[in-house]
Amino acid sequence: MADLPWTEKYRPKSLDEIKGQNKAISEIREWMRSVRAGKVSKALLLVGPPGSGKTSAAYAIAYELGYDPVEVNASDLRDRTHLKYVVESAKAVSLLTLSRRLIVLDEVDALPSEGGALVSLVKELITKEGVPVVMTANNPYERHLYEIRSLSKVVRFYRLRWTTVLSVLKEICRKEGVKVPDNILRQIAVNSQGDLRAAINDLESLVKGSHKLSEVIGKKFGKRDVEADVFKVLTAVFYGENCYSAYLTSLNTDVDPDMLFRWVEENLPYVYKGRALSKAYDYLSYADIVRSRIIKTNNWKLLVYYTQLTTYAVCTAKEAKPQGVKMKFPEIIRKLATTKELRTKTREFLSRLAKELHLPTKTVRMEIVPILIADGKREGRIIKRLERDLGLREEDIREILEDLEENYKLEIRG
Amino acid sequence: MAFELWIEKYRPRTLDDIVDQEDVIRALKGFVEKRSMPHLLFAGPAGTGKTTTALALAHDIYGSEELLRANYMELNASDERGIDTIRTKIKDFAKTAPFGDVPFKIIHLDEADSLTADAQHALRRIMEMYSATTRFILACNYSSKIIEPIQSRCAVFRFGPIPEEAVRERLLMIAEKEGVKYTEEGISAIVYVAEGDLRRAINLLQTASAMADEVDAKVVYRVAGLAHPEEVRGMINAALKGRFIAARDMLRNLMINYGMSAQDVIKQLNREIIASKSIPDNMKAQLMVFLSEVDFRVTEGAHGDVQLAAMLAKLVELGESHGGPSLD
């Protein structure tokens with residue numbers, strides 16, 4: 001047991017243990033009810049990004065139904081006689097465990113040349129034999145899955161939030177009895193971009209002493225002691241009485257001025273309140289203008305004012321002695337980093353549409369995106385059309401729309 | 001491109017198909033006959049047909065889709081990164097002779113009034129440099145924001161808001177063809193909300209019909225609300241109640257996830273605050289002075305979110321001294 005990789009060791013056994021996919025799980029339970037009632041009319045197709053819980057769900061379904069999972073892979077599909085054997089044995093009750101069987105087909109989107117065999121297998125199992133089939137795919141819009149989609153109930157898994165990933169990592173650390181600093185766990189969670197499997201792998205190799213540790217930390221903090229330096233400066237600025245020495249502290253460290261600025265900005269409202277907060281923010285606002293002038297005029301002599309405003313001036317703004325709080329990593333840097341890839345995709349998509357529609361991108365955002373979101377919830381006709389006309393992948397379009405939708409908060413009626 | 005998007009599907013392709021803006025169209029048809037035209041400046045509010053007219057004019061002059069594609073370029077001044085990228089794109093497009101038997105190439109520069117005066121002067125020089133092979137159609141909301149030297153080099157055409165009746169007619173025609181179920185009040189609501197912006201009206205119709213089985217007034221108002229995220233109000237109220245950190249989180253959400261620019265946020269914020277019935281007038285006056293300063297700093301500064309967060313801190317302070325009012 002001890003030698004199992006953590007991704008297996010901590011794989012959820014039941015559906016309830018799968019984190020952050022409540023909607024998908026309730027849809028799966030609905031499908032399971034029809035299986036239990038002996039009315040299997042559709043296969044189950046679990047779609048979503050890597051490490052979001054699809055395969056775990058497939059096995060958890062078998063576990064909860066009390067069926068034996070039988071995995072069918074690409075080579076099985078290629079061998080006709082073997083395939084026949086699979087079907088035959090799937091029909092029968094296992095002699096060993098007296099359980100019925102459930103067929104699991106992992107990553108069917110990766111089997112383009114086995115599309116035909118896949119379709120006939122699913123048809124045979126579902127419609128003729130009533131054997132439940134569960135498939136997983138990253139991208140369900142591959143051409144060879146066209147017919148599979150119509151034979152299946154499609155359940156969508158979403159990219160996990162980094163907070164969800166973090167909570168799982170913490171749980172694993174607790175169970176393993178290892179101590180990893182919070183900020184490093186957070187870093188792993190953020191870096192995983194919602195891929196829990198990747199995050200657990202990172203954590204395992206970090207704890208088991210491979211070289212990943214320095215890599216993981218290096219990505220954000222540069223040198224290991226930089227963060228200690230940041231805390232020293234922040235403490236001097238927020239709590240120190242001598243503001244000149246707070247400024248000097250900042251000069252004696254290796255902290256990047258922009259990074260320091262964001263640290264100060266992030267933590268300011270936790271320490272200062274009311275008038276002091278507004279006054280300090282006014283200094284930061286001015287520091288930001290100085291920063292812009294440095295960029296525009298390439299006049300690096302101004303940098304000293306930037307640093308002074310960020311440290312010395314902010315230090316002077318406090319009124320009463322502020323209360324002590326724990327310093328937080330700048331949220332804005334994290335947010336920008338996590339969503340950068342998606343934001344680039346979104347921007348490209350919107351400007352592409354803008355060009356085709358002869359519109360400014362802001363109009364596309366305001367007027368066209370709501371149409372696409374509403375369309376995606378119904379037949380998805382427009383999106384399919386876009387896939388064809390613009391040569392974009394439906395999967396990508398849907399991912400972008402899902403992201404945008406969180407903000408529009410559309411509800412579909414009727 | 002036969003899009004499923006109605007604004008594109010029902011866009012008039014030729015000048016003859018354009019039913020509104022008669023005076024403008026009549027003058028433009030003269031250019032088509034003579035196969036010659038000066039630079040043009042189209043001024044008017046959004047959704048009144050400036051882009052469509054420019055496309056239709058080019059279509060009629062060139063006579064075929066192929067020639068149109070080869071000789072017509074569209075740029076949006078607010079989407080491009082400054083006058084330098086605009087200059088490069090224009091240069092690349094205009095340096096070669098027109099393709100086929102056509103009198104000139106056409107460059108349509110939309111939202112020209114978003115360029116600063118300096119950039120417009122640069123634009124004027126670019127226009128002169130390529131006038132042997134190229135005609136410009138500049139579009140703007142306000143011709144007063146276009147510098148004199150450019151205006152004097154262009155024939156200026158004014159596009160008025162589309163009359164309510166014409167908007168209604170067009171909506172009914174599309175609803176008919178697309179088999180959209182609607183109520184009388186639903187269509188009236190779209191006409192009312194769109195304020196003479198035909199494009200917005202058609203987009204509203206399509207959004208509403210994609211969202212509900214029947215387009216009624218309730219759906220329309222809900223759809224129309226999308227352009228003005230509730231979050232802006234939520235953010236202001238949180239700040240006025242002294243909840244700075246919550247307000248700053250909402251701000252970041254608006255800017256990062258929703259993609260609003262700092263300018264958009266402050267514009268919306270100003271509108272909400274000025275129109276509020278519950279914020280006392282003396283506090284509004286203080287806010288006007290302050291917001292104008294923030295607006296300026298947003299342009300001057302490096303990070304819009306910092307400038308706006310500084311503004312939220314000020315809102316917290318002002319809210320406190322006025323007993324924590326909310327927007328309504």
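**Two chains, one sheet and a pair of helices**

Biologist: How many residues does each chain give to the contact between chain A and chain B in this predicted model?

Modeller: Let's count one side at a time. Chain B puts in 49 residues. From chain A come 46 residues.

Biologist: Which element gives the largest share of the side of chain A that touches chain B?

Modeller: Several helices of chain A give two or more residues to that side, among them α14 (257-271), α15 (274-297) and α18 (340-357). By kind, the residues there split into 20 nonpolar, ten polar and 16 charged. The largest share is 13 residues, and that comes from α15(A).

Biologist: Over in chain B, are helices α12 and α16 parallel, perpendicular or oblique to each other?

Modeller: Helix α12 (residues 230-240) and helix α16 (residues 304-321) of chain B have axes 7 Å apart. Their contact includes B:I236 and B:L240 from α12(B), plus B:L312 and B:G319 from α16(B). They pack at an angle of about 50°, so α12(B) is oblique to α16(B).

Biologist: Which strands sit at the edges of the open sheet in chain B?

Modeller: Start with the order: five strands run β2-β3-β4-β1-β5, with parallel pairing. An edge strand pairs on one side only, so to speak. Here those are β2 (72-76) and β5 (154-158) of chain B.

Biologist: What is the bridge partner of B:L40 in β4(B)?

Modeller: Strands β1 (residues 39-43) and β4 (residues 134-140) of chain B pair in the parallel sense over four bridges. Look along β4(B) for the partner of B:L40, and you'll find B:I137.

Notes: Residues are numbered from 1 along each chain as its sequence is written. Chains are lettered from A and ligands numbered from 1 in the order in which they are written. This is a predicted model: local features need pLDDT of at least 70, side-chain atom pairs count only at pLDDT 80 or more; totals for chains, interfaces and linings use all residues. Two residues are in contact if their C-beta atoms, placed from the backbone, lie within 7 Å. Ala, Val, Leu, Ile, Met, Phe, Trp, Tyr, Cys and Pro count as nonpolar, Asp, Glu, Lys and Arg as charged, and the others, Gly among them, as polar. Axes are lines fitted to C-alpha atoms, for helices over the stretch in contact, and angles run from 0 to 180 degrees between N-to-C directions. Angles under 35 degrees count as roughly parallel, over 145 as roughly antiparallel, 65 to 115 as roughly perpendicular and the rest as oblique. Two strands pair if DSSP finds at least two bridges between them.
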